[in-house]
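Good morning, everyone, and thank you for making time for this. Please take a moment to look at the chain on the screen, and then I will walk you through a few parts of it.

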Amino acid sequence: AAPRTVLLTGAAGGVGTLMRELLPPYGHELRLLDVAPVPDAPNAVVADLADRAALREAVRGVDAIVHLAGISLEDDFEKIMAANIAGTYNLYEAAREEGVRRVVFASSNHAVGFTRRPREGEPPLPVGVPHRPDTFYGLSKCFGEDLAQLYWDLHGIETVSLRIGSCFPEPTSVRMLSIWLSPADCARLLHAALTAEDVAHTVVYGSSANTRAWWDLSTARALGYAPEDDSEAYAEKVLAEKGPLAEGSPDDLYVGGHFCTDPPRRPH
Ligand code: NAI
Ligand code: 15L
């Protein structure tokens, strides 16, 4: 597909930093935005998702938006409300006003975090399971998915909502062996979500081709996503460090794992 100009929000964050490197080789020209300064990016837009005028200017002329910005762990409801709920609404409003037709939204496994994870021999979890957030954070991702559906039905703006598992350079826990999304596969998934035709609002799980996978990747594969990585390469190391999952522990029972009982909080 032709190169596309893409606004990458959350460009200073963990995933944003990785994608800044990994997306341009697919032919995407990136415009960067974050409330924090983006290292080595003098042209990045430094703006809060609360600033509607800045968002409108930032989305002007782009073909698509990859929306990663927001609070990425649990926090006080008011903070989640401002950054993830109102912030995502502000961004979609800017997209509508400026005629941007495609958004890729970083949802999260925590939108369905209290769902039981499939046991051995059970089918992988489909995207159609009801929302079952494990935190205010997960609840904000449910909102984002529903907002995406509304903006498709009402305004014809297409979204791919990615329920990302754990996107880090390496899996570092037993649960992550099931839900790891390697940075290279994340770039493959974003590219597919940016370029697939007629996606309307599509929800996909974002993980690599993990041997221990929990999720049905068929909606992601239908976009053209073909994962190449498997966390199994790290399994021996992780299991030696962490030991097997304790039966009946949150990480063993739930999609959202320890977020269900003891969610990591954003440091202030
Ligand atoms: P991160 O916390 O490292 O990065 C988020 C970025 O958003 C930060 O650079 C922060 O400054 C920016 N941001 C926060 N509030 C903002 C605001 N009001 N206005 C503008 N920018 C703001 O998070 P990470 O790990 O890079 O995740 C990126 C996205 O993917 C997040 O939306 C997260 O919820 C989602 N996600 C990430 C997963 C992962 O494994 N890393 C798993 C599931 C979802
Ligand atoms: C998320 O949604 C978080 O943003 C990320 O930091 C990880 O904790 C991930 O989920 C996970 O479930 O491991």
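Leaving aside its neighbours within four places in sequence, which residues is Ala 82 in contact with? Before I answer, please keep in mind that what you see is a predicted model. Once those sequence neighbours are set aside, the contacts of Ala 82 are Ala 50 and Gly 87. Ala 82 itself belongs to helix 3, and because it has 17 C-beta neighbours inside 10 Å, it counts as partly exposed. To give you a sense of distance, the C-alpha atom of Ala 82 is separated by 38 Å from that of Ala 235, a residue 153 places away along the chain.

Let me stay with helix 3, which covers residues 77–98, and bring in helix 4, which covers residues 136–155: the axes of the two come within 10 Å and cross at roughly 20°. Since angles under 35 degrees count as roughly parallel, that crossing makes helix 3 roughly parallel to helix 4. On the side of helix 3, the residues making the contact include Phe 77, Ile 80 and Tyr 92, while helix 4 contributes, among them, Phe 136, Phe 143 and Leu 147. If we sort the residues of this contact by class, we find 10 nonpolar, five polar and one charged. As for its handedness, the crossing of helix 3 and helix 4 is right-handed.

Now let us turn to the sheet. Seven strands form an open sheet, in the order 3-2-1-4-5-6-7, and the pairing is parallel. Strand 3 and strand 7 stand at the edges, and because each has a single partner strand, one side of each is left without a neighbour in the sheet.

Strand 1, residues 5–9, pairs with strand 2 in the parallel sense over five bridges, and with strand 4, residues 64–67, in the parallel sense over four bridges. We can follow this at the level of single residues, since Leu 8 has Leu 32 as its bridge partner in strand 2 and Val 66 as its bridge partner in strand 4. Another residue to find on the screen is Val 6, which stands opposite Leu 30 in strand 2.

Are these strands covered or open to the outside? Strand 1 is mostly covered, with four of its five residues buried. In strand 2, residues 29–34, five of the six residues are buried, so this strand is largely enclosed by the rest of the structure.

Finally, I would like to compare the first helix pair with another one. The axes of helix 1, residues 14–22, and helix 6, residues 183–195, come within 10 Å and cross at roughly 70°, and helix 1 and helix 6 are therefore roughly perpendicular to each other. Here Val 15, Leu 18, Met 19 and Leu 22 of helix 1 meet Pro 183, Ala 184, Cys 186, Ala 187 and Leu 190 of helix 6. By class, this contact has nine nonpolar residues, with no polar and no charged ones.

Thank you for listening, and I am happy to go back to any part of the picture.

Methods
Residues numbered from 1 in each chain as written. Chains lettered and ligands numbered in written order. Predicted model: local features only at pLDDT ≥ 70, side-chain atom pairs only at ≥ 80, totals over all residues. Axes fitted to C-alpha atoms, helices over the stretch in contact; angles between N-to-C directions. Parallel < 35°, antiparallel > 145°, perpendicular 65-115°, else oblique. Left-handed = near helix turned anticlockwise from the far one by under 90°. Contact = placed C-beta atoms within 7 Å. Nonpolar A, V, L, I, M, F, W, Y, C, P; charged D, E, K, R; others polar. Buried ≥ 20, exposed ≤ 12 C-beta atoms within 10 Å, placed from the backbone. Pairing = 2+ DSSP bridges.
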